[in-house]
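Me: I am new to this structure and would like to learn how to read its features one at a time. Could you take me through them, giving the general idea before each case?

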Amino acid sequence: MTGRYWRCWLLAAAVLVTGPVLADCRDLAPARPLPSAEDGQISLATFNLWRLRDARKDSSLDRPLSKAVYQARLEAVARYITRDLRAPALLAVQEVESATVLKALSRAISTAGGPDYKVVLLEGHDPAGMDVGLLYRAPVTLGRHQALFADNRFQRQPLFTRPPLQVEVRTPVAFDLVVVHLRSARDLNQKDWVAPKRRRQAAAIAGWAADQTRPVVVAGDFNSAPDSGRFSEPLAQFENGNLISAWSRLPEKERYSFRHQCRPQALDHIFFSPSLKQHVQRVAVSRGNAGRYDVLYDHDGTRVVSDHDVLGIYLEAGASAD
């Protein structure tokens, strides 16, 4: 499927659900990379990879890329991670098809002159084959990892089609990282089960985080933004808890990672335990993706690589959380 055809299909579907959709938004902020981590810091970022999939059809809902586009996408995303994201030590990713694809991306990053990343990805239940995962590199070392709530049910279906990925980060900072991608808001106002499922997902993760004795970082695409009615309900589960939002460290005008019909929205979030507060030395967000629909779709994600910008935090390396 060509980029132009895929763009038209998505825009037509969006019109049916939400009304008219604009092309590239006006007055967009200039492209801006994430800062490099300074000496004594490690960076952690969250990045929605815009349905990074390979050339093989694995299910009826899978829309495989051509081999040429798949390779071009790997190379483009690898350059972006290396050049624009400054190769975070921990990169939580969403919308990646498999561990095989994530490993291929890791190899492309190394070929592009970036570091040697290791990967963690556990297959979920998404019928379209999209999962959450983690890229990590030295000096980070990990312990155990697991899919949270993989067997939990909601109305005879999995509570999470993309179960949260929990990994034990051991060094150079000790905490539990949870990578999330909550259920989208599609049909939020048409089907009565969508809102309670989204709330249940968020409550499960927030409750788990509250029960932990180790510090926790929750990062990913929440598909929920502040001050947006029912759309905000999942986010409220975290805002009402004891975790700290990375967005609170940035000016209000910078608090967005996505544009819905050109309106800025903070869909991507990083929350961390209060015990890590003094060790989070900086927060930053990239620019250059959100709102650039024409370039994204018309070039199959090889120039602009995602519809999301990237949120990152910078932790004091070697810190011992209280």
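Reply: Let us begin with a single proline: P139 lies in the loop between β4 (131-136) and β5. Please keep in mind throughout that this is a predicted model.

Me: What is the form of the peptide bond from A138 to P139?

Reply: The general idea is that most residues other than glycine have a negative phi, and most peptide bonds are trans. In this structure the bond that leads from A138 into P139 is cis, with omega near 15°. A second case is the bond from T171 to P172, which is cis with omega near 0°, and P172 is placed in the loop between β8 and β9.

Me: Which residues have a positive phi although they are not glycine?

Reply: Two cases can be pointed out here. F149, in the loop between β5 and β6 (153-154), has a positive phi of about 60°, while Q261, in the loop between β12 (258-260) and β13, has a phi near 50°.

Me: Is F149 buried or exposed?

Reply: A residue is called buried when its relative accessible area is under 20%. F149 has a relative accessible area of 18%, and therefore counts as buried.

Me: How should I read the sheet, and in what order do its six strands come?

Reply: Strands of a sheet pair through backbone hydrogen bonds, either parallel or antiparallel. Here an open sheet of six strands follows the order β5-β8-β9-β10-β14-β11, and its pairing is mixed. The edges are formed by β5 (141-147) and β11 (244-245), each of which has a single partner strand, so that one side of each is left without a neighbour in the sheet.

Me: How many bridges join β8 to β9, and how many join β9 to β10?

Reply: Strand β8 (residues 165-171) is joined to β9 by five bridges, and the two run antiparallel; within this pair, V167 stands opposite L177 of β9. Between β9 and β10 there are six bridges, and these strands run parallel, with H181 having D221 in β10 as its bridge partner.

Me: How much of strand β10 is buried?

Reply: Strand β10, which covers residues 216-221, is mostly covered, as six of its six residues are buried.

Me: Which residues does L182 contact outside its own stretch of sequence?

Reply: L182 lies in the loop between β9 (175-181) and α4 (194-211), and because its relative accessible area is 2%, L182 is buried. Leaving aside neighbours within four places in sequence, the contacts of L182 include F160, R162, Q201, I205, D221 and F222. For a sense of distance, L182 and P226 are 44 residues apart in sequence and 15 Å apart in space, from C-alpha to C-alpha.

Me: Where is P88, and is P88 buried or exposed?

Reply: P88 sits in the loop between α2 and β2 (90-96), and with a relative accessible area of 1% this proline is buried. When neighbours within four places in sequence are set aside, P88 is in contact with S43, A45, I81, Y117 and R137. P88 and A284 are 196 residues apart in sequence, yet their C-alpha atoms are 12 Å apart in space.

Me: How do I look for empty space, and how many cavities of 30 Å³ or more are there?

Reply: Rolling a probe the size of a water molecule over the atoms shows where empty space is left. This structure holds three cavities of 30 Å³ or more, and the second largest cavity has a volume of about 40 Å³. Its lining is made by L122, G124, D131, V132, A147, P163 and L165, which divide into five nonpolar, one polar and one charged.

Me: What is the volume of the second largest pocket, and which residues are closest to its centre?

Reply: The second largest pocket has a volume of about 350 Å³. Of the 16 residues that line this pocket, the closest to its centre are P226, D227, E239, R255 and A266. The elements giving two or more residues to the lining are α5 (233-239), β13 (263-265) and β14 (268-272). By type, the lining divides into seven nonpolar, five polar and four charged residues.

Methods: Residues numbered from 1 in each chain as written. Predicted model: local features only at pLDDT ≥ 70, side-chain atom pairs only at ≥ 80, totals over all residues. Heavy atoms only, no water. 1 Å grid on protein atoms, 1.4 Å probe; cavity = no way out; pocket = protein on both sides within 12 Å on 5 of 7 lines; lining within 4 Å. Points joined across faces, edges and corners; volume = space filled by probe spheres on them. Nonpolar A, V, L, I, M, F, W, Y, C, P; charged D, E, K, R; others polar. Helix = DSSP H or I, 4+ residues; strand = E, 2+ residues; numbered from the N terminus. Buried < 20%, exposed > 50% of the residue type's maximum accessible area, 1.4 Å probe, protein only. Contact = heavy atoms within 4.5 Å. Pairing = 2+ DSSP bridges.
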